[in-house]
Amino acid sequence: RTQQEFQSWQARCPVESFGARLIAEKTLTADEQARMTREIKAEIEAAFKFAVDSPYPDPKTVRDHTYA
């Protein structure tokens, strides 16, 4: 993707536009949005760290729980 295409889609981010709408309607405050963003980022980082730190599965179990 080109930088221009990336920026074009980034400008139409539904999460950002919905957040802005909620703030404009006074349903959400900027502080609440910032807190939620921090919590979500922390959860994602914890999940990523768990995945990176987890051992690879045993190759002998590749066909376990596969029904075809």
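**Bridges, helices and exposed residues**

Modeller: Searching the whole structure turns up 4 salt bridges. Please keep in mind that this is a predicted model.

Colleague: Thanks! What makes the contact between E5 and R1 a salt bridge?

Modeller: The N to O distance between the side chains of E5 and R1 is 3.2 Å. The cut-off is within 4 Å, for a side-chain nitrogen of Lys or Arg and a carboxyl oxygen of Asp or Glu. The pair therefore meets the definition.

Colleague: And are R1 and E5 exposed or partly exposed?

Modeller: R1 has a relative accessibility of 86%, over the 50% limit, so R1 is exposed. E5 has 28%, between the 20% and 50% limits, so E5 is partly exposed.

Colleague: Which residue does E25 pair with, and how do you know that it is a salt bridge?

Modeller: The partner is R21, and the closest N and O atoms are 3.2 Å apart. That value falls within 4 Å, so the name applies. E25 itself is partly exposed, because its 45% relative accessibility lies between 20% and 50%.

Colleague: Where do R35 and E39 lie?

Modeller: Both are in helix 3, 4 residues apart, or about one turn of the helix. Their side chains meet in a salt bridge at 3.2 Å, N to O. As for general background, side chains of opposite charge can pair when their charged atoms come close.

Colleague: Why are R35 and E39 called partly exposed?

Modeller: R35 stands at 38% relative accessibility, and E39 has a relative accessible area of 46%. Partly exposed covers the range between 20% and 50%, so the label fits R35 and E39.

Colleague: How are the charges distributed overall, and how many are there of each sign?

Modeller: The protein carries 10 positive and 11 negative side chains, with 4 Å between the centres of the two sets.

Colleague: What is the fold pattern along the sequence?

Modeller: The protein has 3 helices and 0 strands, and the order reads α-α-α.

Colleague: How do you know that the protein is more spread out than a compact globule?

Modeller: Its radius of gyration is 20 Å, whereas the globule rule gives 11 Å for 68 residues; 20 Å is well over that, so the description holds. The C-alpha trace spans about 55 × 30 × 25 Å along the principal axes. Of the 68 residues, 4% count as buried. The protein exposes about 6,900 Å², and 60% of that comes from carbon and sulfur atoms.

Colleague: Which residues form a nonpolar patch on the surface?

Modeller: M36, I40 and I44, which together have about 280 Å² of accessible area.

Colleague: What makes I44 eligible for such a patch in terms of accessible area?

Modeller: I44, in helix 3 (residues 30-53), has a relative accessible area of 54%. Patch residues need over 30%, so I44 passes that test. The value is also over 50%, which means that I44 counts as exposed.

Colleague: What is notable about the phi of K26?

Modeller: K26 has a positive phi of about 60° although it is not a glycine. K26 sits in the loop between helix 2 (14-24) and helix 3. With 74% relative accessibility against a limit of 50%, K26 is therefore exposed.

Colleague: And what is the phi of H65, and where is H65 found?

Modeller: H65 has a positive phi of about 65°, again without being a glycine, and belongs to the segment after helix 3. Its relative accessible area is 70%, over 50%, so H65 is exposed.

Technical notes: Residues numbered from 1 in each chain as written. Predicted model: local features only at pLDDT ≥ 70, side-chain atom pairs only at ≥ 80, totals over all residues. Heavy atoms only, no water. Patch = residues over 30% accessible without salt bridge, like charges linked within 9 Å, V, L, I, M, F, W, Y side chains within 5 Å. Areas by Shrake-Rupley, 256 points an atom, 1.4 Å probe, with all protein chains shown as cover. Helix = DSSP H or I, 4+ residues; strand = E, 2+ residues; numbered from the N terminus. Buried < 20%, exposed > 50% of the residue type's maximum accessible area, 1.4 Å probe, protein only. Rg over C-alpha atoms; globule rule 2.2 N^0.38 Å. Lys, Arg positive; Asp, Glu negative; His and termini not counted. Charge placed at Lys NZ, Arg CZ, Asp CG, Glu CD.
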